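Here's a quick tour of one protein structure for your next study session. Keep the 3D view open and find each spot as you read.

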Amino acid sequence: MAVRLLQSTLAELPEQVARPTYDRAKLTTGIVHFGVGGFHRAHEAMYLDRLMNDGEAFDSAITGVGVLPHDKRIVDTLNAQDGLYTLVLKHPDGTREPRVIGSIQKMLFAPDDPDAVIDLMASPEVKIVSLTITEGGYLVNQVTGEFEASNPGIQHDLADGASPQTAFGLIVEAIRRRRDAGLTPFTVMSCDNLPGNGEIARRMMTAYAELKDPSVAQYMRDHVVFPNSMVDRITPVTAPEDIAELADTFGVEDGWPVVCEPFAQWVLQDEFTNGRPPFEDAGVQIVDDVEPYELMKLRLLNCGHQTLCYVGYLAGYRYAHEVCSDPLFVDFLLGYMEKEGSATLPEVPGVDLDAYRHELIARFANPEVRDTLARLCMESSDRIPKWLVPVVKHNLAHGGEIDRSALVIASWARYAEGADEQGDPIDVNDRAKEAVMAAAAAQQDDKLAFLRNPDFFGDLVDDERFTTAYVAALDSLHEVGARATLEARAAQDARPGA
């Protein structure tokens with residue numbers, strides 16, 4: 001019979017389940033985290049648990065904060081388990097490696113008591129406020145790049161005397177209170193998968209503060225720091241089968257465990273106003289400049305996902321590991337990474353790019369992670385413009401190769417038509433779904449219709465070299481399908497002098 005996960009039952013867990021070796025009663029909150037989803041629990045909370053198991057960072061335990069209605073479930077689940085949860089590594093050979101993580105002290109649900117959240121952040125013990133609030137959570141206008149102040153939650157928080165509802169409102173109010181109390185400000189540390197995540201957090205939060213209280217905005221510009229970071233770990237959504245397997249195989253009753261791949265990486269800019277845990281002791285790369293590592297991940301891992309997901313889905317695959325067990329698709333993916341993605345990268349200190357590319361293939365091919373292509377195809381209108389279009393523009397400007405990237409964009413356009421090659425419907429999951437699918441449908445009469453959205457592609461539609469490659473790829477996808485298109489691509493690469 002499975003043991004319910006609680007602080008009082010840790011000693012009853014089976015021996016093969018690792019658990020905290022430290023006294024959790026000695027922990028104090030030093031980090032407040034907004035967005036306690038699977039990724040945070042597979043990443044930042046895991047690194048802190050490593051430190052605590054080594055006798056460090058006892059003053060850097062996490063209090064998690066839920067802001068949105070759907071956060072209530074994770075708040076209630078973790079509080080009912082004394083902040084504990086199980087992190088299960090899924091190794092490619094099928095083995096599982098469970099570990100109970102103890103670095104989260106408690107959870108707060110901001111709508112129930114926003115003042116409790118603000119008071120905690122305003123306390124001198126808190127040194128860092130960290131974030132995984134998703135790309136959309138930063139409220140960046142996709143057209144102008146400016147702060148989306150029209151957001152209803154923001155409008156509520158900007159009203160005189162309002163009790164804050166949003167992460168922006170809560171954090172900026174806590175900064176104001178610390179300023180007024182003469183306390184050193186906390187560091188705001190973004191852990192979201194965004195280029196220049198710290199800089200984006202700084203710009204957007206300062207823009208909010210400017211509207212709320214210009215004096216606080218100026219204080220933030222002068223005194224609050226927002227380090228950039230690069231974060232990486234494939235963390236699929238926890239499935240009911242994962243919960244059942246943990247109970248049946250390892251005897252742990254956990255209401256919301258996390259599953260992930262063995263690989264983890266965190267590159268963090270060393271810019272903190274009020275101290276930080278010794279993250280480097282847990283394997284975090286502490287650097288002065290995150291950008292080279294960030295570009296490497298975005299243009300190889302993230303663009304690599306886009307390179308395989310559309311063609312793979314059209315060809316009938318549904319999981320990343322299925323695509324990466326097919327040599328034809330792997331060769332196309334490696335070709336993109338070697339010839340197009342890597343060509344745009346600056347030097348990445350301490351990284352062997354060839355080894356990194358092949359490690360990515362091995363990670364994508366992990367059959368135990370079961371990362372769905374549908375997930376990788378989501379929100380393409382956010383991803384392709386930020387991740388792949390800069391690769392295309394760089395290579396066009398420098399005379400580099402662009403044919404594979406053109407095929408990736410054409411495969412997105414074909415995917416957005418809403419049916420795969422077998423005629424089965426595709427659920428296009430995108431914030432701009434209507435515009436994307438309308439542009440895809442218009443390709444019947446105008447082969448460049450999909451490229452005519454400047455918010456997604458800038459002026460690529462005016463570049464003849466790119467449009468020639470794009471139209472050829474789109475025609476091939478329509479006429480012979482994804483597999484035959486890649487076969488033709490492989491044959492072209494195999495020609496002497498290619």
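R370 sits in the loop between α13 (353-364) and α14 (373-377). Keep in mind that you're looking at a predicted model. R370 has a phi near 55°, which is a positive value in a residue other than glycine. That's worth a second look, because most residues other than glycine have a negative phi.

**Odd backbone angles**

- R370 counts as partly exposed because its relative accessible area is 43%.
- E379 also isn't a glycine, and its phi is positive too, at about 50°.
- You'll find E379 in the loop between α14 and α15 (380-387).
- With 22% relative accessibility, E379 is partly exposed.

**Two helices that cross**

- Now look at helix α10 (residues 291-314) and helix α12 (residues 327-341): their axes come within 10 Å and cross at roughly 145°.
- Which way does the crossing go, left-handed or right-handed? Where α10 passes α12, the crossing is right-handed.
- On the α10 side, the residues that do the touching are R299, L300, C303, G304, T307, L308, V311 and G312.
- Facing them from α12 are F329, F332, L333, Y336, M337 and G341.
- Sorted by class, this contact of α10 with α12 has 9 nonpolar, 4 polar and 1 charged residues.

**A small sheet, with α10 on it**

- There's an open sheet of 3 strands, in the order β9-β12-β13, and its pairing is mixed.
- Why do β9 (229-232) and β13 (285-287) each have one side without a neighbour in the sheet? Both stand at the edges and have a single partner strand each, so one side of each is left free of a neighbour.
- From one strand to the next, the twist averages 15°.
- β9 and strand β12 (residues 265-269) run antiparallel and are joined by 4 bridges.
- To spot this pairing on screen, find D232 and its bridge partner in β12, Q265.
- Helix α10 turns up again here: α10 packs on the sheet and touches β9, β12 and β13. The direction of α10 makes about 35° with that of β9.

**Cysteines without disulfides**

- How many disulfides does the model have? The count comes to 0.
- Take C260: its closest cysteine sulfur is in C191, 15 Å away, so that's too far for a bond.
- C260 is buried, because its relative accessibility is 1%.
- C309 is a trickier case, so check the distance: its sulfur is 3.5 Å from the closest cysteine sulfur, in C377. That's still too far for a bond, because a disulfide needs the two sulfur atoms within 2.5 Å.
- C309 is buried as well, with a relative accessible area of 0%.

**The neighbourhood of L120**

- L120 lies in helix α4 (residues 114-121).
- Is L120 buried or exposed? At 18% relative accessibility, L120 is buried, because the cut-off for buried is under 20%.
- If you leave aside its neighbours within four places in sequence, L120 is in contact with T29, V32, T63, L108 and V126.
- L120 and A174 are 54 residues apart in sequence, and their C-alpha atoms are 8.4 Å apart in space.

Key: Residues numbered from 1 in each chain as written. Predicted model: local features only at pLDDT ≥ 70, side-chain atom pairs only at ≥ 80, totals over all residues. Heavy atoms only, no water. Axes fitted to C-alpha atoms, helices over the stretch in contact; angles between N-to-C directions. Helix = DSSP H or I, 4+ residues; strand = E, 2+ residues; numbered from the N terminus. Left-handed = near helix turned anticlockwise from the far one by under 90°. Contact = heavy atoms within 4.5 Å. Nonpolar A, V, L, I, M, F, W, Y, C, P; charged D, E, K, R; others polar. Buried < 20%, exposed > 50% of the residue type's maximum accessible area, 1.4 Å probe, protein only. Pairing = 2+ DSSP bridges.
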